[in-house]
Amino acid sequence: MTLVMGVDSSTQSCKVVVVDTATGAIVREGRAAHPDGTSVDPAAWWEALQAAIADAGGLGEPGSPDGVAAWSVGGQQHGMVALDAEGRVVRDALLWNDMRSAGAAAELVAEFGADALARRTGLVPVASFTITKLRWLRDHEPDNAARVAAVALPHDWLTWRLRGFGPTGESPRGPVLDELVTDRSDASGTGYWDPATGDYDRELLIAALGHDAALPRVLGPGESVRDADGRIVGAGAGDNAAAALGAGARTGDVVVSIGTSGTVFAVSAERTVDATGTVAGFASADGGFLPLVATVNAARVLDAIGRLLGVDHAELSRLALAAAPGAGGLSLVPYFEGERTPNLPDATASLTGMTLASTTRENLARAAVEGMLSGLAAGIDALRGLGVPLERALLIGGGARSDAVRRVAPLVFGMPVEVPEPGEYVALGAARQAAALVGP
């Protein structure tokens, strides 16, 4: 039996699965929580990763029956991990959901132009992306910016640390910044990497940070490195790209992930360029592309209406399915916290079509489900508008557990919908990547 480990270091927690490569079965797993907040000391992720690995029974001795032969890390995208020349973290990491760099994003678009940035990197900067956080650091913490010798993303940094690298005195292999590695999918979310050429755009990095810095080497889908004990280490992936691997998505599939926020991403052989910024032209972990649309409002739409009606998710689902399609004319525009797609940051939610006949608990529940799915369907339409082939939707995430969501989605999306068994798809995707490196 050959074992591999996959890691999902997400915003909320770290999940680890140890998988038998022959059967694909999970033989051990572990979990540890991450702290709340949008600015986090990466040391908390490192501690959580070690705790989750221990909870999963550890890595074991290489070559032993219970030892892990290879591992790979999937992680939250875009977070800025700034390192000094000694490999120490310069300041707390700014996460993807830290919006303080919105002004920096606007400045970069004004300087370079949305069309040019979309062509050069596949992205039009918004506050989520790493490039904007570096500009914010340059402008608001110049002393910290001047100390930055290398810039990594969360999964890059964790891979580096777990391979044995890190600050002097805290790691067996020391602060070798040239040993930072990443993959195409995570590099494509920085705003200073070109998915067409596979090269970093140093001009954009310098424009953001104020000077050049070391960046992780981008490994291809079949490339690997080694940890201090000789285990094979995969390139890893951004969380959405790893989830695509874990769910078995193929060309023609669109993955709709319904969590607190929503993501809609397609597996495509062709690169997309969208100067409006609606579709981010990410790369995939397998050598292709992963055009992606993000929405702010997803499962929490159901949370809000469930609280209003005083019911749990199961009862909200039952109420929604008791109403006819269209909810009797009741319509919920679900922009409770503004929206990213479409780009309406100051928008609010609205409920229309209220009559004495339409205003029932059942119709309100149905309007919540249809409204949330319509927001995600706008992302599907944006992908279609760029010519991305879409034949089947795969519904994943916590929101996919709702019977009403599963049954209404095909009507709203206008395509067949499949719901894979619930699972830790990011960690499983990382494990699949590691398994491909050790062979059968």
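**Helix packing around H10 and the nonpolar cores**

Leu302, Asp303, Ile305, Gly306 and Leu309 in H10 meet His313, Leu316 and Leu319 in H11. The model is predicted, and this contact is a convenient point of entry. The axes of H10 and helix H11, residues 313-322, come within 10 Å and cross at roughly 90 degrees. Because of that angle, H10 is roughly perpendicular to H11. Sorted by class, the residues in the contact of H10 with H11 are 5 nonpolar, 2 polar and 1 charged.

H10 also packs against a second helix. The axis of H10, residues 299-309, and that of helix H12, residues 361-385, come within 9 Å and cross at roughly 170 degrees. An angle over 145 degrees counts as roughly antiparallel, and H10 is therefore roughly antiparallel to H12. The crossing in which H10 passes H12 is right-handed. On the H10 side, the contact is made by Ala299, Val301, Leu302, Ile305, Leu308 and Leu309; H12 contributes Arg361, Leu364, Ala365, Ala368, Val369 and Met372. By class, 11 residues of this contact are nonpolar, none is polar and 1 is charged. Leu302, Ile305 and Leu309 of H10 take part both in this contact and in the one with H11.

From these helix pairs, the description turns to the nonpolar cores. In soluble globular proteins, nonpolar side chains tend to be buried together. The largest nonpolar core here has 46 residues, of which Leu134, Val151, Tyr192 and Leu209 touch the most other members. Helices and strands both feed this core: at least two residues each come from helices H4 (130-140), H8 (202-209), H9 (239-247) and H14 (425-438), and from strands S18 (280-283), S19 (289-295) and S22 (392-396). H9 gives the most, with 5 residues.

Valine 151 illustrates the local packing. Leaving aside residues up to four places away in sequence, Val151 touches Val81, Thr130, Leu134, Tyr192, Leu209, Ala213, Ala214, Leu215 and Pro216. Apart from the largest core lies another, of 44 residues, whose members include Val256, Leu316, Ala365 and Ala377. Two of these residues have already appeared: Leu316 in the contact of H10 with H11, and Ala365 in that of H10 with H12.

Helix H6, residues 154-162, is mostly covered, with 9 of its 9 residues buried. The buried residues of H6 include Asp156 and Arg161, alongside Trp157, Leu158, Trp160 and Leu162. Pro154, His155 and Thr159 of H6 are buried as well. Just after H6, glycine 164 adopts a positive phi of about 110 degrees.

Key: Residues are numbered from 1 along each chain as its sequence is written. This is a predicted model: local features need pLDDT of at least 70, side-chain atom pairs count only at pLDDT 80 or more; totals for chains, interfaces and linings use all residues. Side-chain values use heavy atoms; hydrogens and water are left out. Axes are lines fitted to C-alpha atoms, for helices over the stretch in contact, and angles run from 0 to 180 degrees between N-to-C directions. Helices (H or I, at least four residues) and strands (E, at least two) are DSSP runs, numbered from the N terminus. Angles under 35 degrees count as roughly parallel, over 145 as roughly antiparallel, 65 to 115 as roughly perpendicular and the rest as oblique. A crossing is left-handed if the near helix is turned anticlockwise from the far one by less than a right angle, and right-handed if clockwise. Contact means heavy atoms within 4.5 Å. Ala, Val, Leu, Ile, Met, Phe, Trp, Tyr, Cys and Pro count as nonpolar, Asp, Glu, Lys and Arg as charged, and the others, Gly among them, as polar. A nonpolar core is a set of buried Ala, Val, Leu, Ile, Met, Phe, Trp, Tyr and Cys residues joined through side-chain atoms within 4.5 Å. Buried means under 20% relative accessible area, exposed over 50%, partly exposed in between (1.4 Å probe, protein chains only).
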